[in-house]
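Please look through the structure shown here with the questions below in mind, and try each one yourself before reading on.

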Amino acid sequence: LEDLLGGGGGGGGGNMATVAAGASLEAVYKAVVAGQGQVMETPDQLAVQCQVAVQGNVAKVMMRYQNKSSFNVDNFSVSIGAAPALNMQMQPAQPQIMPGAFCMQQLQFQVKDYFGEPPKLTLRYSRSGQQVAHDTWLPISLTKFFQPVTCSKEQYFNVWGKISGAPNEVTKVFKGKKAIVKAEVEQCVLGAKYSVLQGVDKPENVVGAAKVNLGQGDVYCVIRLEMEPAQQAYKLTVKTSNANVTEATRSILMNLLG
């Protein structure tokens with residue numbers, strides 16, 4: 001389970017990225033895309049957990065809302081922001097959650113096309129007569145639908161050599177906000193559902209490959225990250241056979257590393 005909101009750290013296991021109360025959506029987005037659990041602490045102790053299962057171009061989502069306070073959660077409602085690339089089915093949420101109790105909600109998303117940011121999740125309810133609202137992202141990023149690809153040096157550069165120029169190829173130079181540690185960079189690449197390929201490029205670089213198929217044929221993707229630790233700088237090159245996938249990959253990795 002991936003914690004989206006709540007004072008606890010309960011469901012996720014593994015690495016938990018803690019997001020302080022009032023943190024920006026960008027901080028939550030980075031944790032979501034990286035495939036980590038995340039916690040946005042709220043003063044009224046509503047814990048929201050999310051379990052995602054992806055098969056093909058369909059994502060099934062199970063939400064769990066727990067009231068950890070000693071007060072009722074009343075007039076509880078859940079809304080999902082507009083997402084034109086997604087067909088959504090949403091089971092209504094239970095309107096009241098008693099102290100210590102929880103309720104479940106099922107969502108299903110069918111991806112029609114490649115998309116950028118994940119759908120926005122908004123929770124509204126009243127507690128002791130006061131209206132409350134919380135915003136975050138659902139962990140339905142485009143990279144959730146990727147499949148890491150393991151390949152040889154020859155296979156990697158065969159794809160690399162076939163894709164040249166905008167919009168399917170993009171190169172960006174940018175600075176990170178913290179010291180560059182190669183193992184951490186590799187974890188970000190893995191979190192974005194790319195493989196990390198060894199012995200394919202210069203040892204100081206990080207390269208990876210993936211593919212995605214949303215019913216329109218395989219889209220092959222290769223990336224290269226060149227790093228200058230002394231400058232905390234990256235040179236990211238993304239090449240895919242679909243311009244939207246290229247842009248989505250660029251945005252996701254720059255968000256994770258920037």
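Q: Where is the place of S126?
A: The model is a predicted one, and the position asked about belongs to one of its strands rather than to a loop or a helix. The place of S126 is in strand β9.

Q: Is S126 buried or exposed?
A: A residue counts as buried when its relative accessible area is under 20%. The relative accessibility of S126 is 6%, so S126 counts as buried.

Q: With which side chain does the side chain of S126 make a polar contact?
A: The contact joins two side chains, with a distance of 3.1 Å. The partner of S126 lies in strand β6, which covers residues 74-80. The side chain that S126 contacts is that of N75.

Q: What is the phi of N75, a residue that is not a glycine?
A: Most residues other than glycine have a negative phi. N75 departs from this, for its phi is positive although N75 is not a glycine. N75 is also exposed, at 55% relative accessibility. The phi of N75 is about 50°.

Q: In which loop does S128 lie?
A: S128 has a positive phi, near 55°, in a residue other than glycine, and at 58% relative accessibility S128 counts as exposed. The strands on either side of its loop cover residues 120-127 and 130-137. S128 lies in the loop between β9 and β10.

Q: With which side chain does the side chain of N67 make a polar contact?
A: N67 is found in strand β5, and N67 is buried, with a relative accessible area of 0%. Its side chain makes a polar contact at 2.7 Å with the side chain of S69.

Q: Which side chains of strand β8 point to one face and are buried?
A: In a regular strand the side chains alternate between the two faces of the sheet. Strand β8, residues 102-111, shows this alternation, with F102, M104, Q106, Q108 and Q110 pointing to the face where the side chains are not buried. The side chains that point to the other face and are buried are those of C103, Q105, L107, F109 and V111.

Q: Which residue stands opposite C103 in β8?
A: Strand β5, residues 58-67, pairs with β8 in the antiparallel sense over 9 bridges. Strand β7, residues 86-90, also pairs with β8 in the antiparallel sense, over 5 bridges, and there M90 stands opposite L107. The residue opposite C103 is Y65.

Q: Which strands stand at the edges of the open sheet of 5 strands, each with a single partner strand?
A: The strands of this sheet follow the order β11-β13-β14-β15-β12, and the pairing is antiparallel. Each strand at an edge has a single partner, so one side of each is left without a neighbour in the sheet. The edge strands are β11 and β12.

Q: Which residue stands opposite Y234 in β15?
A: Strand β14, residues 219-228, and strand β15, residues 233-240, pair in the antiparallel sense over 8 bridges. The residue that stands opposite Y234 is M227.

Q: Which peptide bond is cis, with omega near 0°?
A: Most peptide bonds are trans. The bond in question leads to P167, which is found in the loop between α2, residues 153-162, and β12, residues 169-175. The cis bond runs from A166 to P167.

Q: Which residue caps the N-terminal end of α4?
A: Helix α4 has 15 residues and reaches 21 Å from its first C-alpha to its last, close to the 21 Å expected. At its N-terminal end, a side-chain oxygen of the capping residue lies 2.8 Å from the backbone nitrogen of N244. The capping residue is N242.

Q: Which helix gives the largest share of the lining of the second largest pocket?
A: About 170 Å³ of space lies in the second largest pocket. Of the 11 residues that line this pocket, the closest to its centre are F115, G116, E117, A248 and S251, and the lining divides into 6 nonpolar, 3 polar and 2 charged residues. The largest share, 5 residues, comes from helix α4.

Technical notes
Residues numbered from 1 in each chain as written. Predicted model: local features only at pLDDT ≥ 70, side-chain atom pairs only at ≥ 80, totals over all residues. Heavy atoms only, no water. 1 Å grid on protein atoms, 1.4 Å probe; cavity = no way out; pocket = protein on both sides within 12 Å on 5 of 7 lines; lining within 4 Å. Points joined across faces, edges and corners; volume = space filled by probe spheres on them. Helix = DSSP H or I, 4+ residues; strand = E, 2+ residues; numbered from the N terminus. Nonpolar A, V, L, I, M, F, W, Y, C, P; charged D, E, K, R; others polar. Expected span 1.5 Å × (residues − 1). Polar contact = N/O pair within 3.5 Å; in protein donor to acceptor, adjacent residues only side chain to side chain. Buried < 20%, exposed > 50% of the residue type's maximum accessible area, 1.4 Å probe, protein only. Pairing = 2+ DSSP bridges.
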